[in-house]
Each structure stands twice: as structure tokens, then as C-alpha cells.
Amino acid sequence: MTEPSTGPSAEGPDLSLQPKATMTLAEVEALAGQALRLAGASDLQSAPTAQSLAAAEAEGFRSVGLGTLPYYCLHLRCGKVKGDAQPKVSQTAPSGLLVDADNGFAHAAFKAAEAELVTLAKSQGLAALGFTRSYSAGILRWFVEPLAAEGLVALCLANAPAAVSAYGATRPLFGTNPLAYALPRTGRDPLVVDQATSAVARFTLAEHAARGEPVPSGWGRDAEGKESHDAAAILNGGSMSPAGGAKGANLALFVEALAVGLTGATWSLEASSFGDDVGPPPGVGCFILALDAGLFGQPGADRFAALSSLLEAEPGLRLPGERRPALRHAAEREGVTLTASEIETLEGLLRS
């Protein structure tokens, strides 16, 4: 099986890279890669992770784009992420692959196994990939979209450190435990859904806390288990709420079972936080299922395109993720805009 060997980059930092008010996606990716390398990441670890951050920026998701870069750099420096990690891929079954991420980024783990996953899915009809001892997966669509481009139906589930209470409980038991899926469509971009199983993404809550803004009802509880509109109280000793009550908690449990129970990764309840520099590497897990769209002899990509058209005939309906290609194309043309405080934060990362 594949065992990448690329070590830390021998090249020094590119001092010409500096954050500015408007940046192209290429500049975002290059700057993120440089910041990660300065924090101790090898090329193998930094390159795909920077690609993921740029992809999030392209679609307007700063909370899982450049907004996470300071945490990634902090965790490289404190040892929560192993900068020179060497992901190792093993074939555990005729259609099963497991990557030991070696406490590195999930993006490098995926790249180590992506080609083999596609080959297995096409030859067997379906294949599954698991990560163990991994770090935050960030934006999950980054994992499923390239599989859909290969004509595969893709599902990705990832756990995270405990921040969400189970239905009826008051303390955090599950992570935001996101899931994503992608459907290939003939003549169209894949249909992609990427969402947390919590009522809101943790980084969105953190943004409200940083601005001192109240949050809507249903987002979380304080340390005493009472409904709270204070984002800081929810994050510091409180708990986030599952999306849709018991139904969201059931989905979080399913994510936990596949991403952790099957892979041997660390349970959300036992994983160290993504939000501080305390504790060992979180060692969380991820589960990806890839199915040939023609698995049952039907032209799946054609039928998914037909289903989309059928649904879009309903007045006012908008399919999930349909705005994202337009946002991405706009970002490719116009770049992304940074605030003065964001520029200052990024400059600090490049000076570190």
C-alpha cells in the first residue's frame, strides 16, 4: 500500500506573500501553505490542507477557511497536529481501505488513499475508506466533490471533539459530527450537501462570541443546562444543541459509530478540543463511502440530473448547494475580501 515519504520543505518562506484587502484564490492557497509550513508542516501535510482552506474561501465559508488557519498553526506548534506526519494506507478488505493519519491533517490522509479508493469503487462497485488518528477534516465537500467528478456517489462522515449535547442530556457528548454527500450529474456540477449534525457550526458560534452578538434560540445551553443566547457561555462550559432535536442527535450517533467505531479513532467524548492548545492530538476519525453511480445497472448520473430538473420545476425551490458553484466562479474572477483585523491576524502568522 501507499506510504508517502515527502518530508518538511527545504525551501524557506516566500517573503513576497502578504495578506491584503483582496486576494486571489491562488494567493489564499499560497499564503495558507506558507503559514502552515512556518508552523512546522511538511509539504505533504500543508499542500492539501491549504487547498481545502482555499476551497472553503471560494464558497464564502471563512469559518472553515482562513478563519481556521490560526488554530491549525497553533496546533502544529503545540503538537496537536504532527507536522511531519506520514499517513499509511492499508487494505483491510477487498473493498476497504484504512489510513493511519499519524496525527496529521485529514487532507493529507485522504490524498494518500484517494486514487486507490476510486480504483476500488469502480472495480468493486463500492468501496469504503476510513481514517484513524486524524485531525479536523474542515470542509467535507472537499473530500466528496472529487469523487463525484469520477462518477461516484460519495458520502463522508467525520467526528469532532465533544461540543454537542445528546437529546435530553445537558453536557457535550458528541462533536458537531458533520456529514457530506455528493451526487454526480450529467451535464451539471455535482449536487453536494455539507452540513453539521449540530444546530449550528462551532466556528459560527465562535464568530458570534468574538463579536459579542447574541445567538438565536435553539443553538445551545449554558453550563447549567439552560437555554442560552450567549455564544461564549455555550462554548465555555455549556453545550451546543443537535440539529432537529432527537433526529440530529441520532445522526450524530451514526457519524460517531462509522467514523470512530469502525476505524478505531478517538470518541468525541475523549478527544482534545480543536479550540485550544490543551491536551494531546485529538485523533478523531472519518468514514468515506464511494459507490459507482451505475452500481445497479442504471445511468445514475443521468437520473440524478433528471431528478434535479424535476425538483427545480417546483416554484421557489432551490436545491442544496446550488449557489456554491456561482460563488466559486465569482471568487475565481474577483478574489476574496479580507477585513483589517483578518489581515493583521494573517500577518502575525507569517511573522511567527
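**Two pockets and a helix pair**

Mentor: Let's start with the largest pocket, which holds about 810 Å³ of space. This is a predicted model, where local features need pLDDT of at least 70, side-chain atom pairs count only at pLDDT 80 or more, and totals for chains, interfaces and linings use all residues. Residues are numbered from 1 along each chain as its sequence is written, and side-chain values use heavy atoms, without hydrogens and water.

Trainee: What makes a residue part of the lining of the largest pocket?

Mentor: An atom within 4 Å of a point of the pocket (an open set on a 1 Å grid where a 1.4 Å probe fits, with protein on both sides within 12 Å along at least five of seven lines). Here 37 residues line the largest pocket, and Thr176, Ala196, Ala201, Arg202 and Phe203 are the closest to its centre.

Trainee: Which element gives the most to that lining?

Mentor: H6, with three residues. H6 also leads in the second largest pocket, giving seven residues there. That pocket has about 600 Å³ of space.

Trainee: Why are H1 and H3 called roughly parallel?

Mentor: Helix H1 (residues 25-38) and helix H3 (residues 69-78) pack at about 20°, with their axes 9 Å apart. Angles under 35 degrees count as roughly parallel, so H1 and H3 earn the name.

Trainee: Which residues of H1 and H3 make the contact?

Mentor: With contact meaning heavy atoms within 4.5 Å, H1 brings Leu31, Ala32, Ala35, Leu36 and Leu38, while H3 brings Leu69, Tyr72, Cys73, Leu76 and Arg77.

Methods: Axes fitted to C-alpha atoms, helices over the stretch in contact; angles between N-to-C directions. Helix = DSSP H or I, 4+ residues; strand = E, 2+ residues; numbered from the N terminus. Parallel < 35°, antiparallel > 145°, perpendicular 65-115°, else oblique. Points joined across faces, edges and corners; volume = space filled by probe spheres on them.
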